[in-house]
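Q: Please take a close look at one helix of this model and at the nonpolar surroundings it belongs to. I would like a connected account that moves from the local backbone outwards to the chains and domains.

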Amino acid sequence: MTDISNNQTPPAAVDWASGKAKALRKKRYAADRRLRYYGIAAISTAVLLLGILIGSLVSTGYLAFVQTHVTMEVAIDPEQVSADDPASGNYRAIVSDGVQRLFPDVEDGGALRAAAGIITNGAQVILRNRVIADRSLVGQTIRLQVPVSDPYDQLYKDVIDRDLPENRRRLNDSQIALFETLEDRGLIEAKANWGLIFSSDSRFPELAGLAGAIVGSFYALLVCFAISFPIGIAAAIYLEEFAPKNRWTDLIEVNINNLAAVPSIVFGLLGLAVFIQLFGLPRSAPLVGGLVLALMTLPTIIIVTRNSLKAVPPSIREAALGIGASRHEVILHHLLPLAIPGILTGTIIGLAQALGETAPLLLIGMNAFLTSPPGGIMEPATALPTQIFIWADSPERGFVSRTSAAILVLLGFLITMNAIAIYLRSRLERRW
Amino acid sequence: MNWQGAVTGYLFLSIILFSLAAFYVGRSAGARFVAAEGASVHSRPIYHGAFAAIWVGLPTLLLVVLWLLFQDAVVRALVVASLPSSLTEGASPAQISLFVSEIRNVAAGRIFSEPRPEIAAAAERYASWTVIANWAMVVVALCAMALALYLARSRSAPRYRARQSFERALDVIMIGSAGLAILVTLGIIVSLTYEAIQFFMLVPPAEFFFGLNWEPQIPIRADQIAGTGAFGAVPVFTGTLLIATIALIFAIPIGLMSAIYLVEFANPRIRGVIKPILEILAGVPTVVYGFFAVLTVAPAIRQAGSLFGIAISPNSALAAGAVMGIMIIPFISSLSDDALKAVPQSMRDGSLAMGATRSETVTKVLIPAALPGIMGGILLAASRAIGETMIVVMAAGLTANLTANPLDGVTTVTVQIVTLLIGDTAFDNPKTLSAFALGLVLFIVTLCLNVLALRIVQRYRERYE
């Protein structure tokens with residue numbers, strides 16, 4: 001180094017105060033600021049996009065948490081329904097009689113049909129279920145509160161603008177006039193829409209709910225947990241504590257890392273070809289969905305478990321070995337209990353990912369139209385994300401806000417699971 | 001079908017109960033050894049119990065699971081073999097599988113019209129053989145457990161090394177679990193390849209890989225005009241690349257810039273707020289992004305287009321690509337974040353000490369040093385974008401256009417797989433099988449990208465450690 005600098009002539013002194021140097025400095029500082037602004041702009045864009053995403057979901061979805069109801073009087077005529085066999089009766093006639101009572105002045109058949117369109121198509125089913133639950137209702141006249149059908153629900157929530165010209169509205173002036181007479185008589189009421197959570201899917205937006213999807217997702221996650229949790233922990237313990245360093249274990253490690261990055265739809269193809277085609281398991285069943293999700297969650301659990309085992313300080317291992325524990329005893333009695341908080345946290349996060357997974361469930365048929373929750377893991381079911389997909393594909397306007405509401409419910413579950421994971425981590429995890 | 005589930009459920013329950021019983025039997029035997037011989041007994045009583053339980057429970061559990069998985073396939077094969085030759089003579093595999101599904105429908109009571117006598121008889125056989133197989137499984141499982149309990153009990157003695165036996169069994173369980181990962185990969189490769197080969201026997205590979213026309217239809221009648229369908233997948237591949245490219249064009253600048261800002265400029269408090277927000281973007285399910293694309297982004301882009309008088313397709317590649325870009329921002333930003341942080345502090349300090357500004361340090365020192373890590377992250381993000389399904393299923397088109405115009409609708413590999421496999425899935429026509437060929441291509445491409453990316457990231461990490 002020294003001879004090089006000796007041979008060179010020293011550089012001419014730089015005049016730092018000259019105009020040229022000042023301009024150069026200014027340019028360099030400007031570049032510095034620019035980079036900083038780019039960074040801020042990028043982050044603001046990302047945060048803004050997240051805000052728009054959540055904002056658009058909330059602004060369309062909150063409406064579906066409320067459902068407009070109409071109160072009507074129906075006379076349960078013993079001639080139409082017998083108390084001995086309430087399941088089969090002419091409830092349609094009873095409901096249309098109720099519509100006539102609602103509008104005593106309307107006599108024209110066409111206008112009456114239009115009036116019947118205000119209440120939901122499922123009114124007869126609601127009435128039937130009421131009568132089956134309480135047979136003594138036969139012969140009485142009861143007040144029945146039923147959802148109004150989707151266009152009127154939208155009208156009451158001001159989604160349909162009453163000031164638009166008639167030909168650009170989904171409801172014409174006479175339909176709106178009929179509805180407004182009901183509003184004036186105070187029969188219309190917006191109530192909290194518990195049906196969104198507690199009833200199952202329906203062709204009619206005003207009746208559709210998520211109960212079937214929530215139960216289906218629960219079963220699928222149960223299967224997923226029961227399979228991936230024990231297998232993942234066992235595999236991780238082997239790879240972390242016992243596996244010799246050789247080509248086989250290298251292969252397994254590369255494999256696990258790759259499985260974590262395989263597109264989810266490929267797991268769906270695997271489930272379809274192997275579980276359904278080869279093993280003959282039933283289509284659309286939460287069992288198959290859970291199996292596929294388990295294969296996808298397995299790498300996550302293995303990686304998390306290995307990291308948690310690594311985080312236990314070697315002194316504990318050495319102390320246990322020093323007083324004569326076998327290697328298995330060290331793991332079962334000491335390492336695993338200390339690592340379990342980290343493993344649980346990672347498992348919950350892995351299950352949350354599985355809960356949001358859609359594509360593989362579509363391929364194994366968990367997008368069926370089902371009007372009741374599944375009774376077990378072998379029965380056809382939908383899951384929350386596939387239900388969202390079904391509703392997003394439905395042409396009825398009312399399903400737009402239902403879909404957003406369903407997404408909010410799904411996000412609610414995900415946030416809860418992640419919050420539990422964070423809580424567990426902060427409460428149980430030990431810093432060494 | 002329901003009683004079958006009940007039988008299986010009770011069988012699993014009884015396996016658990018038997019194992020527990022075996023545990024207590026083994027443990028009390030161990031306790032007696034201790035009482036009789038004191039300290040010279042080899043294993044503690046609990047290991048005698050665990051040893052008995054694992055021998056009673058585990059082999060039977062494996063047996064029952066395998067039985068359940070293969071019972072249906074075996075019964076099906078037997079029923080097919082028992083079909084009268086008048087039916088099976090000269091029948092193609094497709095016809096056979098049609099018979100099988102008919103038989104199963106009849107056996108399950110889903111009858112729409114009076115079945116043919118041969119089919120009805122076969123359905124009866126199918127149902128009765130299923131019953132026999134189920135009860136045989138119960139009997140075999142109970143016998144296996146009794147035998148295992150007897151063997152375990154007869155081997156245990158004061159000097160018996162029960163702990164070692166138990167630990168060996170644990171080793172087997174752990175190795176089996178670790179090997180499952182390989183089994184899954186093998187399962188993916190074998191099943192996709194098998195179905196893809198079936199496809200390539202119907203459609204020549206040259207047509208699939210180089211054909212420019214994608215119309216996956218099958219003729220309903222033999223003489224149907226234009227009913228043969230076309231399986232040239234090039235427009236599907238270009239559509240996938242177009243959407244993935246748009247996504248990366250959106251995501252790389254935003255992700256990279258935010259990573260640079262977070263690592264080099266932001267104070268820890270801002271970092272602590274911004275990082276979780278970016279992680280939320282990664283945790284949002286893709287079906288939500290898909291709905292967001294349909295509900296908000298696509299209409300917004302169309303409106304913007306009509307302002308300038310440009311007609312934009314309702315399912316333009318731009319909308320799907322942009323939303324996919326939002327989805328992969330967090331991947332790029334967190335992987336670039338890791339890469340930038342891994343650059344040794346000494347390089348940063350050296351650059352600053354030479355009088356470079358922060359931005360000069362970033363652009364001239366840090367980014368070149370972290371480039372392999374950043375490239376790895378971008379490759380991983382690209383693999384995500386190619387394999388992403390729900391956003392494109394909901395927001396991209398179904399028709400395969402060979403175009404590079406982002407305002408047109410294009411289709412992708414994943415969209416085609418989903419649309420081809422939703423609904424009916426008879427495994428005998430090129431329409432269904434082509435989905436598996438596309439899946440195989442998708443798997444291989446993403447696998448190559450992932451291996452490459454992981455290798456780059458790993459090598460780079462080693463360099464600075």
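**A kinked helix and its surroundings**

A: In this predicted model, helix 10 of chain B is followed by B:Gly309, a residue whose phi is positive, near 75°. Helix 10 itself covers residues 286-307 of chain B, and its 22 residues, at 1.5 Å a residue, should span 32 Å; because the end C-alpha atoms are 30 Å apart, the expected and computed spans agree. The helix nevertheless carries a kink of about 45°, and this kink is centred on B:Ala293.

The residue at the centre of the kink has a set of nonpolar partners. Leaving aside residues up to four places away in sequence, B:Ala293 touches B:Ala298, B:Ala319, B:Ala320, B:Val323, B:Ile391, B:Met394 and B:Ala395. Several of these names return in the largest nonpolar core, which has 193 residues and in which those with the most contacts are A:Ala235, B:Ile243, B:Ala293, B:Ala320, B:Val323, B:Ile391 and B:Ala395. The largest share of this core is given by helix 8 of chain B (residues 234-265), with 19 residues. Apart from this core lies another one, of 26 residues, which includes A:Val81, A:Val99, A:Val131 and A:Val148. As general background, nonpolar side chains tend to be buried together in soluble globular proteins.

The two chains also meet directly: 74 residues of chain B are in contact with 68 residues of chain A. On the side of chain B that touches chain A, helix 6 (residues 162-202) of chain B gives the most, with 19 residues, and by class that side has 48 nonpolar, 19 polar and seven charged residues.

Within chain A, the division is into domain 1 (64-193) and domain 2 (211-428), whose centres, taken over C-alpha atoms, are separated by 45 Å. Five residues of domain 1 of chain A are in contact with seven residues of domain 2 of chain A, and the domain 1 side of this contact has two nonpolar, one polar and two charged residues.

A last point of reference in chain B is B:Asn429, which lies in the loop between helix 15 (413-421) and helix 16 (430-464). B:Asn429 counts as partly exposed because it has 17 C-beta neighbours inside 10 Å, where 20 or more would make a residue buried and 12 or fewer would make it exposed. Between the C-alpha atoms of B:Asn429 and B:Pro253, which are 176 residues apart along the chain, the separation is 44 Å.

Conventions. Residues are numbered from 1 along each chain as its sequence is written. Chains are lettered from A and ligands numbered from 1 in the order in which they are written. This is a predicted model: local features need pLDDT of at least 70, side-chain atom pairs count only at pLDDT 80 or more; totals for chains, interfaces and linings use all residues. Helices (H or I, at least four residues) and strands (E, at least two) are DSSP runs, numbered from the N terminus. Ala, Val, Leu, Ile, Met, Phe, Trp, Tyr, Cys and Pro count as nonpolar, Asp, Glu, Lys and Arg as charged, and the others, Gly among them, as polar. Domain bounds come from an automatic or database domain assignment. A nonpolar core is a set of buried Ala, Val, Leu, Ile, Met, Phe, Trp, Tyr and Cys residues joined through C-beta atoms within 7 Å. The expected span of a helix is 1.5 Å times one less than its number of residues. The bend at a residue is the angle between axes fitted to the seven residues ending there and the seven starting there.
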